[in-house]
Amino acid sequence: MCGIVGYIGTKKACPILLAGLTRLEYRGYDSAGISTIEKDCIKIVKDKGRVKELENKKEIKDLQGTVGIAHTRWATHGKPSKENAHPHKDNSNTFSVVHNGIIENYYDLRNLLEENGYKFYSETDTEVIPNLIHYYYKKELAINNEHTVQTFLRVVRNACLDIKGSYALEIISKDFPEYMIVVRKDSPLVIGTCKDEKYISSDIPAILSYTRDFYFLNDLEFAVLKNDDIKFYDTNLNQIDKKISNIEWDAMSSEKNGYEDFMLKEIYEQPTAIRETIGSRISVDNKCEFEELPLTKKELENIDKIYIIACGTAMHAGLAGKNVIEKLCRIPTEVDIASEFRYRDPIINNRTLSIFISQSGETADTIAALKLAKKSGSKTIAISNVIGSSITREADYSIYTHAGPEIAVASTKAYTSQVILVNMLAIYFAEILEKSNKEEIRNLKKEILELPKKIGETFNCAERIKQFAKKIYQEKDVFFLGRGIDETVAKEGSLKLKEISYIHSESYPAGELKHGPIALIESGITVIGILTDKLLVDKTVNNIQEVITRGARTLIITNQNVNYSMFDEVIIIPKVNTFLSPILSIIPLQLLAYYISKEKGLDVDKPRNLAKSVTVE
Ligand code: F6R
């Protein structure tokens with residue numbers, strides 16, 4: 001995954017592009033580059049390494065232009081190197097391009113271009129794009145030597161029609177120095193607008209300090225940008241209208257605000273994220289409201305199966321929400337990993353409701369699964385944290401978590417916001433269906449409203465977790481155990497630990513331990529148990545007893561009455577309805593992963609090999 005930024009305005013582009021790249025570094029950080037238009041020629045400064053290194057380059061000071069594009073790379077085609085870094089230009093230095101995505105047919109395109117005399121200097125798929133644009137440009141000029149922006153647009157469009165794959169592109173040209181063209185297909189790109197300036201980015205937070213007014217492109221729509229003008233075109237180059245969306249996020253929410261790392265800040269933002277996500281949707285005495293989801297009782301009665309489809313942490317949020325939907329709505333609900341779902345020929349028809357959860361709204365597998373479900377007749381709902389993201393444009397209905405921008409690669413506040421949203425969705429459906437016990441729903445609503453306060457109380461464990469992290473940070477393996485909903489939290493806790501501390505960890509339903517994994521338990525190994533489900537707590541305690549007998553060191557996260565003296569460390573969290581317990585029990589585990597990562601001196605916000613949103617398959 002890569003990040004792209006663009007600027008066209010009245011100020012020097014370079015500092016704005018560097019600031020944007022720094023904010024987008026979570027998307028990729030093995031190389032970076034900038035290209036600007038300088039007195040009718042294109043200049044490019046790029047290299048492998050981080051944005052900071054780019055910023056310190058001598059040549060960067062020469063970039064004075066007010067039109068520029070920039071890129072932070074996460075290598076897919078070709079190793080991190082200066083040659084492979086973006087921007088890429090065509091052989092004649094007429095066009096410069098940055099690209100996020102993957103060109104699937106780049107071998108064919110490269111062959112075609114080589115047959116036509118073009119040379120390639122990098123191993124990337126992207127380098128075909130400026131050359132392909134130039135190929136069409138040459139053809140146009142041979143027929144009609146007209147240099148209007150329509151020519152620029154036409155040749156970019158022609159190139160895009162040849163490209164198979166995913167892309168968000170920014171293109172500048174020395175022959176059209178006042179313009180920039182941007183287009184996207186299956187990769188994110190947003191356009192921020194002010195009076196005499198236009199900002200382009202892979203995500204909203206990177207440019208939120210400049211504007212709150214954004215345009216979103218659909219697949220294969222083109223924007224022709226000038227500092228004081230934007231025109232939009234469809235694939236046939238008919239001009240189209242686009243509405244501005246006003247984004248309410250606070251620009252400060254994209255800054256660290258005194259926290260050492262974004263992840264820690266985002267962990268502590270969870271009470272606010274949950275409060276904002278609940279919004280006015282829930283009150284104890286009124287029916288739950290989702291204006292954006294106008295489903296009728298008849299439509300819901302027609303649903304005989306629900307799929308929840310997502311990847312990684314978002315999928316874990318789905319697992320945590322499955323039981324509440326089944327309990328309150330009595331509709332069988334299956335949770336699927338998007339990359340599996342899309343290839344397993346799932347049974348879908350017009351009686352299926354498919355819910356897709358994605359913080360970024362740009363995860364390639366989740367989007368593909370959504371398209372498949374929709375094509376097979378399912379009603380589709382997107383749950384996303386990013387207004388206007390791809391997934392929300394594909395789905396029949398979209399509902400938002402209001403967690404604010406999540407910058408750290410490891411997801412924290414988005415997860416808990418997703419869990420609360422699925423709970424509210426279950427209540428909303430149940431109230432329409434008139435199926436559930438009214439008192440039970442009323443109690444659940446009350447508990448939902450109390451959650452922000454209880455999350456605040458849960459933070460009291462931070463210091464003890466920090467001390468525990470000091471004891472185990474050199475461990476090689478950690479086990480997470482739980483039953484029922486606690487097992488879904490075990491999965492998420494284990495993922496957090498792997499991601500940012502690089503410690504191998506496994507999560508198991510506690511009852512499965514004796515069917516194999518217990519063979520791995522030996523003296524001194526750390527086992528973390530989650531015990532919040534009253535009905536299952538004794539069973540899990542028995543399983544943990546088995547690992548204690550084999551010498552394991554244990555940490556327990558619980559809100560139940562258990563014999564605390566059995567365990568090495570016990571973290572007590574507030575009592576809460578079992579459906580909501582993941583929102584509290586995950587917090588000590590997020591903090592544990594964080595403090596272990598710090599203890600090991602790792603880059604918490606940008607763990608190795610990972611990118612924030614996975615926009616390629
Ligand atoms: C883990 C994490 C990932 C994402 C997954 C889906 O901390 O962040 O597992 O949850 O890549 O991303 P979204 O939610 O953007 O679709």
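**The ligand and its pocket**

Colleague: Which element supplies the largest share of the shell around the ligand?
Modeller: Happy to start there, with a predicted model in which local features need pLDDT of at least 70, side-chain atom pairs count only at pLDDT 80 or more, and totals for chains, interfaces and linings use all residues. Residues are numbered from 1 along each chain as its sequence is written, and side-chain values use heavy atoms, leaving out hydrogens and water. Elements are DSSP runs numbered from the N terminus (helices H or I, at least four residues; strands E, at least two). The largest share of the shell is three residues, and they come from helix 9.

Colleague: Which residues come nearest to the ligand?
Modeller: A residue is near if one of its heavy atoms lies within 4 Å of the ligand. There are 13 residues around the ligand, and those that come nearest are S358, Q359, S360, T363 and E499.

Colleague: How many of the shell residues are polar?
Modeller: Ala, Val, Leu, Ile, Met, Phe, Trp, Tyr, Cys and Pro count as nonpolar, Asp, Glu, Lys and Arg as charged, and the others, Gly among them, as polar. The shell has four nonpolar and two charged residues, while its polar residues number seven.

Colleague: At what distance is a polar backbone atom of T313 from an oxygen atom of the ligand?
Modeller: A polar contact with the ligand is a pair of N or O atoms within 3.5 Å. Backbone N or O atoms of A314 and V409 lie 3.5 Å and 3.4 Å from an oxygen atom of the ligand. For T313, the distance is 3.1 Å.

Colleague: Where does the ligand sit?
Modeller: A pocket is an open set of points on a 1 Å grid over the protein atoms alone, with protein on both sides within 12 Å along at least five of seven lines. A molecule sits in one if more than half of its atoms lie within 2 Å of the pocket's grid points. By that rule, the ligand is in the largest pocket.

Colleague: Which residues lie nearest the centre of the largest pocket?
Modeller: Lining residues have an atom within 4 Å of a point, and this pocket has 27 of them. Eleven are nonpolar, twelve polar and four charged. Helix 9 (312-329), strand 18 (352-358), helix 11 (364-375) and helix 16 (485-501) each give at least two. Nearest the centre are C311, G312, A611, K612 and V614.

How values were computed
On a 1 Å grid over the protein atoms alone, a cavity is a set of points where a 1.4 Å probe fits but cannot get out, and a pocket is an open set with protein on both sides within 12 Å along at least five of seven lines; lining residues have an atom within 4 Å of a point. A polar contact is a pair of N or O atoms within 3.5 Å; within protein, one must be able to donate a hydrogen and the other to accept it, and residues adjacent in sequence count only if both atoms are side-chain atoms.
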